[in-house]
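Dear colleague,

I am passing on the structure we spoke about, and I would be glad if you could open it alongside this message. My notes on the side-chain contacts and the surface come after it.

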Amino acid sequence: GPRINYPRNYTFAGTLQDRTFGTGVEFQFARSIFLNANVNQDMERYLDVDFEKTRVGIGGGVNTSRKISFGGFVNLGDQIRYVTDPFLGRGTNMNLFATLRPMERLQSELSANTSRLIDRRVDSKVFDIHIFRALTTYQFTPRTLIRNIMDYNDYDRTLGGNLLFTYRVNAGTAFYVGYDDRFRQG
């Protein structure tokens with residue numbers, strides 16, 4: 001169905017920081033298929049500058065099988081470049097994702113994310129980033145699992161890895177040991 005939202009966010013001193021007027025529509029079909037679209041007119045205050053932004057988005061997904069689900073979204077419009085001398089550029093963000101479950105205990109979530117910003121003052125690309133990520137989990141027993149996250153960022157050409165072994169004692173207690181190489185990246 002349709003939706004409309006109008007949130008406002010103020011500082012403790014009473015200064016309006018963010019304002020959004022958003023409208024959209026969502027469709028939920030049989031067999032867990034969904035589509036959505038939205039348009040937002042925002043004001044965001046950054047470094048004492050009020051930026052007026054308009055963004056549109058469309059997305060959807062299919063989750064009809066226990067073995068595979070997939071979807072994606074595209075969001076484009078005005079975007080702030082958050083630097084010392086900020087400006088309003090033209091941004092595009094995209095995300096494609098899939099979940100594969102070839103057997104009951106094994107699940108892998110794959111995603112590709114992109115973010116691009118164009119400085120419209122000089123019509124030049126500020127950045128164009130692609131991040132590819134795989135999160136794989138194998139459940140040995142209801143209490144033990146191993147999880148691996150691998151991601152590649154083509155902007156700074158880094159490959160990140162994260163491995164975690166977990167033993168869950170009960171709903172509130174878990175023991176785990178793992179490795180994460182992101183610390184070396186700063």
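Below I go through the aromatic pairs, the surface around the last strands, and the salt bridges.

Please keep in mind throughout that this is a predicted model.

Aromatic contacts

The structure holds four aromatic pairs, and I describe two of them here. In one, the ring centres of Y46 and Y82 lie 4.9 Å apart with the planes at 90 degrees, so this pair is edge-to-face. Y46 belongs to strand β4 (residues 33–46), whereas Y82 sits in the loop between β6 (68–81) and β7 (87–103), so that the contact links distant parts of the chain, 36 residues apart. Both rings remain partly reachable at the surface: Y46 is partly exposed at 22% relative accessibility, and Y82 is likewise partly exposed, at 43%.

The other pair is made by Y138 and F140, and is also edge-to-face, with 5.0 Å from centre to centre and 75 degrees between the planes. Y138 is partly exposed at 26% relative accessibility, while F140, found in the loop between β9 (124–139) and β10 (144–153), is partly exposed at 36%. An aromatic ring also takes part in a contact of another kind, in that the charged end of R121 sits over the ring of F87, 4.1 Å from its centre.

Strands β11 and β12, and a nonpolar patch

F140 leads on to the surface, since F140, F165, Y167, F175 and V177 make a nonpolar surface patch of about 500 Å². Strands β11 and β12 each supply at least two residues of this patch. These two strands, β11 (residues 158–170) and β12, run antiparallel and are joined by eight bridges, and a hairpin of two residues connects them. Within this pairing, F165 has V177 in β12 as its bridge partner, and F165 and V177 are both among the residues of the patch. How many of the eight residues of strand β12 (residues 173–180) are buried? The number is zero, so the strand lies largely in the open.

Salt bridges

The structure holds nine salt bridges, of which I pick out a few. R19 and E52 meet through their side chains in a salt bridge with an N to O distance of 3.0 Å. Because R19 lies in strand β3 (residues 16–29) and E52 in strand β5 (residues 49–62), this pair ties together parts that are 33 residues apart in sequence. The two partners fall into separate classes of accessibility: R19 counts as buried at 19%, just under the 20% cut-off for that class, whereas E52, at 40%, counts as partly exposed.

R116 and D128 form a salt bridge as well, with their closest N and O atoms 3.2 Å apart. This pair, too, links distant parts of the chain, with R116 in strand β8 (residues 106–119) and D128 in strand β9, twelve residues apart. R116 is partly exposed at 37% relative accessibility, and D128 is partly exposed at 21%.

Finally, D48 forms a salt bridge with R45, the closest N and O atoms being 3.6 Å apart. D48 counts as exposed, at 64% relative accessibility, while R45 is partly exposed, at 22%. R45 and D48 also belong, together with D50, to a network of salt bridges.

With best wishes

Key
Residues numbered from 1 in each chain as written. Predicted model: local features only at pLDDT ≥ 70, side-chain atom pairs only at ≥ 80, totals over all residues. Heavy atoms only, no water. Phe/Tyr/Trp six-rings, centres within 6.5 Å; stacked < 30°, edge-to-face > 60°. Helix = DSSP H or I, 4+ residues; strand = E, 2+ residues; numbered from the N terminus. Buried < 20%, exposed > 50% of the residue type's maximum accessible area, 1.4 Å probe, protein only. Lys NZ or Arg CZ within 6 Å of the ring centre and 35° of its normal. Pairing = 2+ DSSP bridges. Patch = residues over 30% accessible without salt bridge, like charges linked within 9 Å, V, L, I, M, F, W, Y side chains within 5 Å. Areas by Shrake-Rupley, 256 points an atom, 1.4 Å probe, with all protein chains shown as cover. Salt bridge = Lys/Arg side-chain N within 4 Å of Asp/Glu carboxyl O.
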